[in-house]
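Let's take a walk through a structure and look at how its charged side chains pair up. Keep the 3D view open as you read.

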Amino acid sequence: MAEQNNLIEEITKSEYKYGFVSNIDQDITPKGLSEEVIHFISQKKNEPDFVLQFRLKAYRAWQKMKEPTWQKVHFPPIDYQDMHYYAAPKSSSKTKTLAEIDPEILDTYQKLGIPLEEQKVLAGVAVDAILDSVSVATTFKEKLQDLGIIFCPISEAIQDYPELVKQYLGSVVPYSDNYFAALNSAVFTDGSFVYIPKGVRCPIELSTYFRINAAQTGQFERTLIIADEGSYVSYLEGCTAPMRDENQLHAAIVELYTHKDAEIKYSTVQNWYPGDKEGRGGIYNFVTKRGLCAGDNSKISWTQVETGSAITWKYPSCILKGDNSIGEFYSVALTNNYQQADTGTKMYHIGKNTRSRIVSKGISAGKGDNSYRGLVRISKSAENSRNYTQCDSLLIGDQCGAHTFPYIEIENKSSIVEHEATTSKISDESIFYLNQRGISTEDAVGLIVNGYAREVIKQLPMEFAVEAQRLLSLSLEGSVG
Amino acid sequence: MKLNEIQENLNFLYKDGDSNERNILESVDFLKNNKVPNSKIELWKYTSLSSLQGIDFSLDAKEELNQLSITKILQDKDIPLNSIIIPIANGKLMNNSFEADDRFSIEIREIEKLNEYAKNYHPLQSVEFDYFYHLNTVLAQKEIHLQIHKNSDPIQIVLLFISQSDRNSFISPRVRIELEENSNAKIAYKFINLSESEILSNLFSEIVLKQNAILDFYVIEDGLENFQAINNINIVQERDSKLTSNSFTNNTKFIRNFLRLYFTDENCEAILNGLFIGNNKDLIDNHILIEHIKPNCHSNQLYKGILNDSSIGIFNGAILVHPNAQKTNAFQTNRNILTSDLAKIYTKPELEIYADDVKCSHGEATGFIDDEMLFYLRSRGISEENAKKLLLQAFAVDVLNKFQWVEIKEPIESHISANLEV
């Protein structure tokens, strides 16, 4: 036991690797939120009127809403008037090539292990890097343009493709959806926009890195991905943030829209600053992610590996509206120290013969609290639907918590729904077996956890799978004796 | 009086100074500050009380039962006659209708304070925040206290909850059972409704199993027309005690069972079996909360539901393992069959775990009759209708086979085979 505690202490003492602050000149609004701030943001971004009206409607709806209280995570009340709602690196407004980018920003990414230029060549990944609120670099854009694929910051899309944005913005997550979605809709500053035209299979994996850099700014990005008939895209999102003492709010929205026969695969590796070992600081990750399988035979797949953030609170969901559409959700959520996670998914079966599969793996260590909360709803029209849910929890140490709250609502007789959940700790036998073969306890735990999460990690694209595996062992190193 | 009018009439129902009982006053306070639960409250999310809210209930149902009618009930209904039968008419104990025995004693008492374990632990699901618990406390005022004596021989008791009234009535039975050390009892709660008018029965019952006590417990609600029931049952288990709880619900308009179980010391065991069958527009709600407070306790739940016509089934089983409750084993299985496109099932199996050396699992499955099983039977020359009936029966019998009290089990089995229709 004493040994175990020592080991837990050891790991909790390891400092956050990505904690540094870039000194870049920033363009910041005064603290607080009001209609003026929204007008300011909209003006600054030179937005058409429909976007401004969308923001104002959302802001008015937000004012009438109350912050939800049902979640199983706890945090001190957030003062929404004590935050900057717009922060942009000053020098980045008109960059077109990599050479024009502030060298310090490039350096930031280097420290994060995302060498833009190298990655471009080696991995074949187009990176739309977002630093705070404004996109600073977009690569591979032209190659994608040849195929008719639009991959750009959403602010650019608003300028260049207003009719597309107007059609789809808020079509999956309406501005009045929930408290944080309304807040985001009012003040969103940037994010990615992807449009895959009919019948096009996106040849490379699209990727974005989000960074929260300026102190006391909320990050409100908004991602909109549209896959037109018969198209396919795989999108990767990776997140890290520098070390800060104050909690920072991250309330993003991700909307996915698939037409007939289209498929979107959305992967996230989230490694934001989780707070220090006393539970101070860290990111509040309150994100609304939702995909709409609007057309028949369409498919949306969410994969997430959540190791960071002080609080993770999100439910990537699928609305399976088209007949024969498929929704998938694969998740690994790890909480250590005082981290809290309340995450899961919602699957709304509306079309006939719709299928969904949920695999959720929770790992709690230290004083972490990890909850799976999910909804599977089979409505009356969803004949012959099928759902399979598996949610497992792994407990490491006797001070953490693991919880599951699945909601299952079935309203027709031809559908089959199965749900299974288990909770256990790493068995002494498994550790002993590995010890016997000369593997240290620490490595054994790493091995077992990676094996445990394998089902989810194998869903990730190659580059991410490696990073995710590394993150898992790193975050857990030595937490079991 | 309608349900939502109770709040306004509290002063009329209960005058300050009537009694110094603190917990009644607390309950009055609670009712003053809280409204009848609606779907916005998590624990009532799927259980709509709207069908009850329209009914104008009278709060003083007359006891029109005499010994004669009880004898008649005993002949009519499937009641194990070799046991001690304690009739409770409209919530009031009928004193002279059973033989006294040195194995137990029964009396009317002031309402006892809630067991401390039942309070505070689970903030949301605790009975302390249950509107109907407080309503029962205010309206019942006294409780029926049944004590099974220490080291006594095994005993079988049937509590007959009889409702009889010529107008819509709201009744509040309140029963407390204490099984002393080393006692062994089979106790059944059987509900019988003789009334043609609507009855809303709001039962609260606390059962305490002292060290080494064994209880085989049954709640039977079968074929109750015009009957809606809210049953809050709290069971507190002490060291080495063993509980088997069996519930059967069939053909009843509105049922809300909330069973809360507390393991307050080591080495307790509980097996919970439940079978519910919904017909017509029935609503059957089974809520279960099991709190593993101390190490080395085991719980195992098996609940099955068959939902016909446009009935609604709700199953919410929560398992809470406290920080020190190491070596806990807690399992839960819920299976449901919907036989109609209008039937609905809402299930929410919850696990909340704060200890690491535990084995916990829950499984939920809902579907229709398995095609392959059906094909197997059809290929052996059994008509589709009969094959379906057989499969449904097999599905139900799986739970019934766990009922150990044969005199209770057999009539249920025959009802089921008579009633199952596809």
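Asp240(B) is partly exposed, with a relative accessibility of 25%. This is a predicted model, by the way. Now find Arg239(B): its side chain meets that of Asp240(B) in a salt bridge, with N and O 3.6 Å apart. Arg239(B) counts as partly exposed too, at 34%.

What makes a pairing like this possible? Side chains of opposite charge can pair when their charged atoms come close.

Next, swing over to Lys327(B) and Asp357(B), whose side chains also form a salt bridge, at 2.8 Å from N to O. This one ties together distant parts of the chain, since the two residues are 30 apart. Lys327(B) sits in the loop between strand S15 (312-321) and strand S16 (329-338) of chain B, while Asp357(B) lies in the loop between strand S17 (344-353) and strand S18 (359-367). Are these two buried or exposed? Lys327(B) is partly exposed at 48%, and Asp357(B) is partly exposed at 21%. For Asp357(B), that label applies because buried would mean under 20%.

Some salt bridges share partners: Glu107(B), Arg109(B), Glu112(B), Arg176(B), Glu178(B), Glu206(B) and Lys210(B) are joined this way into one network.

One more pair to click on: Arg103(B) and Asp101(B) form a salt bridge in which the closest N and O atoms are 2.8 Å apart. Arg103(B) has a relative accessible area of 22%, making it partly exposed, and Asp101(B) is partly exposed at 23%.

Want to keep hunting? Over all chains, the whole structure holds 35 salt bridges.

Note on methods. Residues are numbered from 1 along each chain as its sequence is written. Chains are lettered from A and ligands numbered from 1 in the order in which they are written. This is a predicted model: local features need pLDDT of at least 70, side-chain atom pairs count only at pLDDT 80 or more; totals for chains, interfaces and linings use all residues. Side-chain values use heavy atoms; hydrogens and water are left out. A salt bridge is a side-chain nitrogen of Lys or Arg within 4 Å of a carboxyl oxygen of Asp or Glu. Buried means under 20% relative accessible area, exposed over 50%, partly exposed in between (1.4 Å probe, protein chains only). Helices (H or I, at least four residues) and strands (E, at least two) are DSSP runs, numbered from the N terminus.
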